[in-house]
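Reader: I am new to this structure and should be grateful for a close look at a single part of it. Would you please describe the open sheet and its surroundings?

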Amino acid sequence: MSGAGSTTGRLIGPGRLIGPGRLIGPGRLIGLGLGPGDPELITLKAARLLGSLGVVAHIRAAGAAGGMALNIARGLIAPEAVLVEIEMPMRDDRSPGAAAYDAGAAAIAAHLAEGRDVGLLCEGDPLTFGSFMYLAARLSGRFPVEVVPGITSMAGAAARIGLPLAARTDCLAMIPATLPEPELAARIAAADGMAILKIGRHLPKLRRVLEDAGLLARAWYVERATWPGERILKLADLPDEAVPYFSLILVHRRGEATA
(Lines give C-alpha, C1' and ligand atoms only; values in the text may rest on other atoms or scores of the structure.)
Protein backbone atom coordinates (compact mmCIF):
# COMPACT_ATOMS: atom_id res chain seq x y z
CA MET A 1 0.00 0.00 0.00
CA SER A 2 0.96 3.63 -0.22
CA GLY A 3 3.61 4.87 2.10
CA ALA A 4 1.30 7.75 2.99
CA GLY A 5 -0.27 5.85 5.88
CA SER A 6 -3.69 4.25 6.19
CA THR A 7 -4.27 0.84 4.65
CA THR A 8 -8.02 1.17 4.85
CA GLY A 9 -9.88 2.58 1.93
CA ARG A 10 -11.26 1.90 -1.48
CA LEU A 11 -9.32 0.85 -4.56
CA ILE A 12 -10.47 2.76 -7.65
CA GLY A 13 -8.59 1.54 -10.68
CA PRO A 14 -4.98 0.35 -10.68
CA GLY A 15 -2.95 1.73 -7.81
CA ARG A 16 -5.46 4.30 -6.55
CA LEU A 17 -6.39 4.14 -2.89
CA ILE A 18 -8.62 6.58 -1.06
CA GLY A 19 -8.44 6.54 2.70
CA PRO A 20 -10.88 8.13 5.13
CA GLY A 21 -11.13 11.69 3.86
CA ARG A 22 -7.82 11.83 2.02
CA LEU A 23 -6.10 10.68 -1.09
CA ILE A 24 -3.28 8.21 -0.60
CA GLY A 25 -2.47 6.90 -4.06
CA PRO A 26 -1.63 8.64 -7.34
CA GLY A 27 -4.02 10.87 -9.22
CA ARG A 28 -6.15 9.80 -12.15
CA LEU A 29 -5.76 10.76 -15.77
CA ILE A 30 -9.28 11.51 -16.99
CA GLY A 31 -9.94 11.87 -20.72
CA LEU A 32 -12.77 14.38 -21.06
CA GLY A 33 -14.76 14.15 -24.28
CA LEU A 34 -16.02 17.66 -25.08
CA GLY A 35 -18.10 17.01 -28.18
CA PRO A 36 -17.74 18.66 -31.59
CA GLY A 37 -17.66 22.32 -30.53
CA ASP A 38 -20.89 23.66 -29.06
CA PRO A 39 -20.27 23.78 -25.26
CA GLU A 40 -23.91 22.77 -24.71
CA LEU A 41 -23.01 19.37 -26.19
CA ILE A 42 -20.59 18.65 -23.33
CA THR A 43 -21.98 15.89 -21.09
CA LEU A 44 -23.12 16.69 -17.56
CA LYS A 45 -20.37 14.44 -16.19
CA ALA A 46 -17.61 16.19 -18.13
CA ALA A 47 -18.96 19.62 -17.12
CA ARG A 48 -19.04 18.60 -13.46
CA LEU A 49 -15.45 17.37 -13.58
CA LEU A 50 -14.24 20.49 -15.39
CA GLY A 51 -15.56 22.59 -12.54
CA SER A 52 -13.77 20.56 -9.88
CA LEU A 53 -10.43 19.42 -11.35
CA GLY A 54 -7.35 21.24 -10.09
CA VAL A 55 -5.23 20.37 -13.12
CA VAL A 56 -6.42 20.49 -16.73
CA ALA A 57 -4.22 19.52 -19.69
CA HIS A 58 -4.87 20.39 -23.32
CA ILE A 59 -3.18 20.06 -26.68
CA ARG A 60 -2.47 23.09 -28.85
CA ALA A 61 -1.36 22.81 -32.46
CA ALA A 62 2.02 24.47 -32.93
CA GLY A 63 1.57 28.00 -34.22
CA ALA A 64 -2.09 28.18 -33.22
CA ALA A 65 -3.50 30.40 -30.49
CA GLY A 66 -5.27 28.72 -27.59
CA GLY A 67 -6.46 25.35 -28.77
CA MET A 68 -9.76 23.91 -30.00
CA ALA A 69 -10.48 21.86 -26.89
CA LEU A 70 -9.58 24.70 -24.54
CA ASN A 71 -11.86 27.04 -26.45
CA ILE A 72 -14.76 24.60 -26.02
CA ALA A 73 -14.22 24.07 -22.29
CA ARG A 74 -12.87 27.45 -21.19
CA GLY A 75 -16.09 28.66 -19.55
CA LEU A 76 -16.41 25.52 -17.40
CA ILE A 77 -12.86 25.13 -16.07
CA ALA A 78 -12.37 26.04 -12.42
CA PRO A 79 -10.72 29.51 -12.22
CA GLU A 80 -7.97 28.23 -9.92
CA ALA A 81 -7.11 25.20 -12.09
CA VAL A 82 -3.53 24.76 -13.29
CA LEU A 83 -3.33 24.46 -17.09
CA VAL A 84 -0.83 22.09 -18.70
CA GLU A 85 -0.34 22.92 -22.37
CA ILE A 86 1.08 20.36 -24.78
CA GLU A 87 2.27 21.91 -28.04
CA MET A 88 1.82 19.49 -30.94
CA PRO A 89 3.66 19.87 -34.26
CA MET A 90 1.28 19.20 -37.18
CA ARG A 91 3.52 17.25 -39.57
CA ASP A 92 3.36 13.98 -41.48
CA ASP A 93 6.61 12.87 -39.84
CA ARG A 94 5.54 11.10 -36.63
CA SER A 95 8.79 11.65 -34.70
CA PRO A 96 8.12 15.25 -33.54
CA GLY A 97 4.63 14.24 -32.47
CA ALA A 98 5.95 11.30 -30.47
CA ALA A 99 8.42 13.60 -28.71
CA ALA A 100 5.59 16.01 -27.87
CA TYR A 101 3.53 13.16 -26.40
CA ASP A 102 6.53 12.04 -24.34
CA ALA A 103 7.01 15.56 -22.97
CA GLY A 104 3.29 15.96 -22.32
CA ALA A 105 3.10 12.60 -20.53
CA ALA A 106 6.02 13.63 -18.32
CA ALA A 107 4.35 16.93 -17.41
CA ILE A 108 1.07 15.17 -16.57
CA ALA A 109 2.85 12.40 -14.65
CA ALA A 110 4.42 14.97 -12.33
CA HIS A 111 0.93 15.98 -11.15
CA LEU A 112 -0.42 12.41 -11.02
CA ALA A 113 2.52 11.27 -8.90
CA GLU A 114 1.64 13.97 -6.37
CA GLY A 115 -1.92 12.62 -6.13
CA ARG A 116 -3.58 15.28 -8.28
CA ASP A 117 -6.20 14.20 -10.80
CA VAL A 118 -5.58 15.58 -14.30
CA GLY A 119 -8.34 16.12 -16.85
CA LEU A 120 -7.20 15.98 -20.46
CA LEU A 121 -9.43 17.98 -22.80
CA CYS A 122 -10.42 16.15 -25.99
CA GLU A 123 -12.52 17.46 -28.89
CA GLY A 124 -15.17 14.91 -29.82
CA ASP A 125 -14.59 11.58 -28.09
CA PRO A 126 -11.28 10.65 -26.41
CA LEU A 127 -11.14 7.17 -27.93
CA THR A 128 -12.10 8.12 -31.50
CA PHE A 129 -9.09 9.55 -33.36
CA GLY A 130 -8.18 11.27 -30.09
CA SER A 131 -4.72 12.41 -28.97
CA PHE A 132 -5.76 11.21 -25.52
CA MET A 133 -5.07 7.62 -26.60
CA TYR A 134 -1.36 8.28 -27.09
CA LEU A 135 -0.97 9.94 -23.71
CA ALA A 136 -3.02 7.25 -21.97
CA ALA A 137 -0.82 4.56 -23.55
CA ARG A 138 2.23 6.24 -22.01
CA LEU A 139 0.68 6.64 -18.54
CA SER A 140 -1.79 3.78 -17.99
CA GLY A 141 0.82 1.37 -16.65
CA ARG A 142 1.64 3.71 -13.77
CA PHE A 143 -1.56 5.64 -13.11
CA PRO A 144 -5.33 5.01 -13.15
CA VAL A 145 -6.97 6.16 -16.35
CA GLU A 146 -10.63 6.97 -16.88
CA VAL A 147 -12.61 8.17 -19.87
CA VAL A 148 -15.69 10.36 -20.13
CA PRO A 149 -17.04 9.78 -23.65
CA GLY A 150 -18.08 12.64 -25.88
CA ILE A 151 -20.20 13.30 -28.97
CA THR A 152 -18.16 12.84 -32.14
CA SER A 153 -17.92 15.42 -34.91
CA MET A 154 -19.60 12.86 -37.17
CA ALA A 155 -22.66 12.75 -34.92
CA GLY A 156 -22.68 16.52 -34.51
CA ALA A 157 -22.48 17.13 -38.27
CA ALA A 158 -25.18 14.55 -39.09
CA ALA A 159 -27.49 16.19 -36.56
CA ARG A 160 -26.93 19.65 -38.07
CA ILE A 161 -27.74 18.35 -41.57
CA GLY A 162 -30.52 16.01 -40.39
CA LEU A 163 -28.88 13.18 -42.29
CA PRO A 164 -29.61 9.56 -41.22
CA LEU A 165 -26.29 7.72 -41.53
CA ALA A 166 -27.14 4.06 -40.86
CA ALA A 167 -30.26 1.88 -40.66
CA ARG A 168 -31.06 -1.83 -40.53
CA THR A 169 -28.10 -3.75 -42.06
CA ASP A 170 -26.13 -0.68 -43.19
CA CYS A 171 -22.39 -0.59 -42.57
CA LEU A 172 -21.21 2.78 -41.29
CA ALA A 173 -17.54 3.67 -41.72
CA MET A 174 -15.26 6.42 -40.38
CA ILE A 175 -12.63 6.88 -43.09
CA PRO A 176 -9.53 9.12 -42.87
CA ALA A 177 -9.00 11.09 -46.08
CA THR A 178 -5.27 10.68 -45.49
CA LEU A 179 -5.38 7.15 -46.95
CA PRO A 180 -3.75 6.52 -50.34
CA GLU A 181 -6.24 6.96 -53.19
CA PRO A 182 -6.73 3.24 -54.04
CA GLU A 183 -7.36 2.32 -50.40
CA LEU A 184 -9.66 5.29 -49.95
CA ALA A 185 -11.69 4.11 -52.96
CA ALA A 186 -11.88 0.57 -51.57
CA ARG A 187 -13.07 1.72 -48.14
CA ILE A 188 -15.73 3.96 -49.69
CA ALA A 189 -16.90 1.13 -51.97
CA ALA A 190 -17.37 -1.16 -48.96
CA ALA A 191 -19.52 1.21 -46.86
CA ASP A 192 -23.15 2.28 -46.97
CA GLY A 193 -22.91 5.35 -44.79
CA MET A 194 -19.59 7.06 -44.17
CA ALA A 195 -17.90 9.97 -42.44
CA ILE A 196 -14.68 10.97 -44.18
CA LEU A 197 -12.43 12.86 -41.79
CA LYS A 198 -9.22 14.91 -41.88
CA ILE A 199 -9.98 16.54 -45.23
CA GLY A 200 -7.55 19.48 -45.57
CA ARG A 201 -5.18 19.11 -48.54
CA HIS A 202 -6.74 15.75 -49.42
CA LEU A 203 -9.88 17.36 -50.84
CA PRO A 204 -8.94 17.07 -54.58
CA LYS A 205 -8.15 13.35 -54.16
CA LEU A 206 -11.41 12.79 -52.32
CA ARG A 207 -13.45 14.57 -54.98
CA ARG A 208 -11.98 12.25 -57.64
CA VAL A 209 -12.76 9.12 -55.63
CA LEU A 210 -16.34 10.15 -54.83
CA GLU A 211 -17.00 11.20 -58.43
CA ASP A 212 -15.70 7.87 -59.74
CA ALA A 213 -17.95 6.09 -57.23
CA GLY A 214 -21.00 8.10 -58.34
CA LEU A 215 -21.36 9.64 -54.88
CA LEU A 216 -20.24 13.24 -55.41
CA ALA A 217 -23.78 14.63 -55.64
CA ARG A 218 -24.75 12.86 -52.40
CA ALA A 219 -21.81 14.10 -50.35
CA TRP A 220 -22.12 16.84 -47.70
CA TYR A 221 -19.16 19.02 -46.69
CA VAL A 222 -19.11 20.26 -43.06
CA GLU A 223 -16.62 22.69 -41.57
CA ARG A 224 -16.56 23.71 -37.86
CA ALA A 225 -19.59 21.55 -37.04
CA THR A 226 -21.69 23.13 -34.26
CA TRP A 227 -19.16 26.00 -33.83
CA PRO A 228 -19.72 29.67 -34.61
CA GLY A 229 -18.73 30.00 -38.26
CA GLU A 230 -20.07 26.55 -39.10
CA ARG A 231 -20.23 25.88 -42.83
CA ILE A 232 -22.42 23.19 -44.41
CA LEU A 233 -22.96 22.64 -48.13
CA LYS A 234 -23.09 19.94 -50.76
CA LEU A 235 -19.58 18.93 -51.76
CA ALA A 236 -20.48 19.48 -55.41
CA ASP A 237 -21.12 23.16 -54.58
CA LEU A 238 -17.85 23.66 -52.68
CA PRO A 239 -15.41 25.78 -54.71
CA ASP A 240 -11.88 24.54 -55.30
CA GLU A 241 -10.19 26.13 -52.31
CA ALA A 242 -8.10 25.31 -49.29
CA VAL A 243 -10.18 23.74 -46.50
CA PRO A 244 -9.31 22.97 -42.86
CA TYR A 245 -7.87 19.64 -41.77
CA PHE A 246 -10.64 19.41 -39.17
CA SER A 247 -13.46 19.36 -41.69
CA LEU A 248 -15.43 16.29 -42.74
CA ILE A 249 -17.65 14.86 -45.44
CA LEU A 250 -20.76 12.75 -44.84
CA VAL A 251 -22.16 10.46 -47.51
CA HIS A 252 -24.74 7.71 -47.72
CA ARG A 253 -24.79 5.78 -50.94
CA ARG A 254 -28.61 5.85 -51.06
CA GLY A 255 -28.62 9.55 -50.27
CA GLU A 256 -29.67 8.83 -46.68
CA ALA A 257 -30.09 5.69 -44.59
CA THR A 258 -33.89 5.74 -44.67
CA ALA A 259 -34.12 5.90 -48.48
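Author: Two strands are said to pair if DSSP finds at least two bridges between them. In this predicted model, strand 11 and strand 13 (residues 247-252) are joined by 4 bridges and run antiparallel. Within this part, tryptophan 220 stands opposite leucine 250 of strand 13.

The wider arrangement may now be described. Strands 11 and 13 belong to an open sheet of 5 strands, whose order is 9-10-13-11-12 and whose pairing is mixed. Strand 9 (172-176) and strand 12 are at the edges; each has a single partner strand, so one side of each is left without a neighbour in the sheet. From one strand to the next, the twist averages 20 degrees.

Two helices pack on this sheet. Helix 6 (residues 181-190) touches strand 9 and strand 10, and its direction makes about 165 degrees with that of strand 9. Helix 7 touches strand 10 and strand 13, and its direction makes about 5 degrees with that of strand 13.

A residue of helix 6 allows a closer view of these surroundings. Leucine 184 is placed in helix 6. Its relative accessibility is 0%, and leucine 184 therefore counts as buried, the cut-off for that term being under 20% relative accessible area. Apart from neighbours within four places in sequence, leucine 184 is in contact with Ile175, Pro176, Ala177, Leu179, Lys205, Leu206 and Val209. With valine 209, the separation along the chain is 25 residues, while the C-alpha atoms are 7.5 Å apart.

The loops that follow two of the strands also deserve attention. Between strand 10 (193-197) and helix 7 (203-212) runs a loop that contains lysine 198. The phi of lysine 198 is near 60 degrees, a positive value in a residue other than glycine. Lysine 198 has a relative accessibility of 23% and so counts as partly exposed.

Arginine 224 lies in the loop between strand 11 (220-223) and strand 12 (231-234). Although arginine 224 is not a glycine, its phi is positive, at about 55 degrees. Because its relative accessible area is 39%, arginine 224 is partly exposed; that term covers values from 20% to 50%.

To return to the sheet itself, its order of 9-10-13-11-12 places the antiparallel strands 11 and 13 next to each other, while helix 7 touches strand 13 as well as strand 10.

Methods: Residues are numbered from 1 along each chain as its sequence is written. This is a predicted model: local features need pLDDT of at least 70, side-chain atom pairs count only at pLDDT 80 or more; totals for chains, interfaces and linings use all residues. Side-chain values use heavy atoms; hydrogens and water are left out. Buried means under 20% relative accessible area, exposed over 50%, partly exposed in between (1.4 Å probe, protein chains only). Axes are lines fitted to C-alpha atoms, for helices over the stretch in contact, and angles run from 0 to 180 degrees between N-to-C directions. Contact means heavy atoms within 4.5 Å.
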